[in-house]
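User: I should be grateful for a close look at one part of this model. Please describe how that part is built and what surrounds it, and give the cut-off behind each term you use.

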Amino acid sequence: MLARAASPWARRLPYAVAFLLVAVLLPVTIPVLINQYGLNGAVAGLVGTAQTAPLMLAVTRPLQAWWVIFAADVVGGFVLLIPGPPESMPWPWTPMVVIGYLGLMVALGARESRGTLLAVWLATGAAGAVFALVSPGRVDGVPIVLFVLSGVLLLLIATLRGRGEAERRLVEQETISEAERARRTLLEERARIARELHDVVAHHMSVITVQADSAPYRIPDLPEPAREEFASIAAGARESLSEMRRLLALLRSEGTEGERAPQPGLDRVPQLVEATVRAGVPASLSLAAGLGALPQAVELSAYRIVQEALSNVVRHAPGADTRVSVRVDEEGLLNVLIVNGPPTHDGSPVERGEGTGHGLVGMRERVRLTNGTLDTGPLPDGGFRVAARLPTRADDLPGTDGRDGTTDPTDPTDPAATLTPTTTAATATAESATTTTATTAETPFRS
């Protein structure tokens, strides 16, 4: 059991115990066999060495050590009958044999299977029974004591080992499950983004189809080759739409078949802030005017990032003063900033723990979708900050310059991959947001 210990001293402890047993038992066994049991010096030295020295082997090969020691103990018991053991001394097992054998049981219980342990225990009892048959008047209670103590030790050590193995397997399974959960969360978020982008792409493809179909009617005296070209474009667009719908059917999860609402954009951010205020969080919004026509994918990503961040504030920092800012900086990038302070309510947050991790995962995936950057982290005052920078030009989006927009999640150069979510009771955590936005704008809020 100590072989897997992290500390090198713990791994060496069994060797030290085995060496200590041999160093104590061997010098005692030989003189006792000579002086107390009347054995010849050479025989006593051979028997004593065979009964104690293999304890060093028991650390790594306990079953092989048991065969040697068990044979030596049985042979030693019969050898002691030659001079006739004195009545005052135990037989067939000497006190040193009992101590060494119990130490051997500890080594066996820590490494061998339960079937092997049962066989060893039964063999120990059988050896005592054989000696009782050979010399019934001489056998005392030592064989019974050894039989009972060895069984207790084997059962105890085997139980502790089984519990340790079960705990280790549980830790390994939890590690695997955590990795699988993270991967499943990532895939689910990507599928969700793909479903939402279906509306964006389908709109443009539909426009292409309608324009190509109506071109012969809108443009007079259109040459026949041009009519055929427009018909080919319309057919290709319709085929692409059909393929996209089939792909979307595979991406849809249970309960999403009825999704028909258009995807939100920055025009619905005020509704998010209003819903947050109604939830008891004093939130303010700074939405720059004249943002211009942004790519629909960028607007959708910005809206979802604000939604995730505000949802986390409501759940993990109740009553925290929150500021939302959406503007375009000097570099032409859309800056989305959500900053909240520490919670002001005495009550506990809506949710505890580290959460499922959907929030930051969703934000990172949406930022990667648009080739943007994301910065999240706690603030010194106990609040939390979410800052995203997204491109505002369609030419800067993935796929417009030969890149596919995908990055390796483990790449240390990826700014989204290097973020580490920090969870506190007063800050937003990496959890998915399912905030339901308000449909009216009756309640005033700071802007």
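Analyst: The account below concerns the central strand region, followed by the helix packing and the aromatic pairs elsewhere.

This is a predicted model, in which local features need pLDDT of at least 70 and side-chain atom pairs count only at pLDDT 80 or more, while totals for chains, interfaces and linings use all residues. Residues are numbered from 1 along each chain as its sequence is written, and side-chain values use heavy atoms, with hydrogens and water left out.

The secondary structure of the protein comes to 10 helices and 5 strands; helices (H or I, at least four residues) and strands (E, at least two) are DSSP runs, numbered from the N terminus. Of the 447 residues in the protein, 41% are buried, a term that means under 20% relative accessible area, with exposed over 50% and partly exposed in between (1.4 Å probe, protein chains only). Contact means heavy atoms within 4.5 Å. Among contacts with a separation of 6 or more, 75% join residues 24 or more positions apart.

The strands form an open sheet of 5 strands in the order E1-E2-E3-E5-E4, with mixed pairing. Two strands pair if DSSP finds at least two bridges between them. Strand E1 (283-287) and strand E4 (373-378) are the edge strands, each pairing on one side only. From one strand to the next, the twist averages 5 degrees.

Strand E3 (residues 333-340) has 6 of its 8 residues buried, so the strand is largely enclosed by the rest of the structure. On one side, E3 is joined by 7 bridges to strand E2 (residues 322-328), and the two run antiparallel. Val 326 has Val 336 as its bridge partner in E3. E2 and E3 form a hairpin with 4 residues between them, and Gly 332 in the turn has a positive phi of about 80 degrees. E3 also pairs with strand E5 (residues 384-391), again in the antiparallel sense, over 8 bridges. Bridge partners in E5 include Val 386 for Ile 338 and Arg 389 for Asn 335.

Val 324 illustrates the surroundings of the neighbouring strand. This residue has its place in strand E2 and is buried, with a relative accessible area of 1%. Leaving aside residues up to four places away in sequence, Val 324 touches Val 273, Ser 284, Leu 285, Ser 286, Val 306, Leu 310, Leu 337 and Ile 338. Val 324 and Val 339 are 15 residues apart in sequence, yet 6.7 Å apart in space from C-alpha to C-alpha.

Helices also lie against the sheet. Helix H8 (residues 269-278) lies across E1 and E2 and runs at about 170 degrees to E1. Helix H9 (residues 296-316) packs on the sheet and touches E2, E3 and E5, its direction making about 5 degrees with that of E3. Axes are lines fitted to C-alpha atoms, for helices over the stretch in contact, and angles run from 0 to 180 degrees between N-to-C directions.

Helix packing away from the sheet can be described in similar terms. Two packed helices are described by the angle between their axes and the distance between the axes. The axes of helix H1 (residues 8-35) and helix H4 (95-111) come within 10 Å and cross at roughly 155 degrees. H1 and H4 are therefore roughly antiparallel to each other; angles under 35 degrees count as roughly parallel, over 145 as roughly antiparallel, 65 to 115 as roughly perpendicular and the rest as oblique. The contact is made by Leu 21, Leu 25, Val 28, Thr 29 and Val 32 of H1 together with Met 96, Ile 99, Gly 100 and Gly 103 of H4.

Aromatic rings complete the description. Rings of Phe, Tyr and Trp (its six-membered ring) pair if their centres lie within 6.5 Å; planes under 30 degrees apart count as stacked, over 60 as edge-to-face and the rest as tilted. By this rule the count comes to 6 aromatic pairs. In one of them, the ring centres of Trp 66 and Phe 70 are 4.8 Å apart and the planes stand at 15 degrees, so the pair is stacked. Trp 66 and Phe 70 are 4 residues apart in helix H3 (residues 62-79), and are thus separated by about one helical turn. Trp 66 is buried, with a relative accessible area of 4%, as is Phe 70, with 16%. For Trp 93 and Phe 131, the centres are 5.4 Å apart and the planes at 80 degrees, so this pair is edge-to-face. Phe 78, Trp 91, Trp 93 and Phe 131 form one aromatic cluster.
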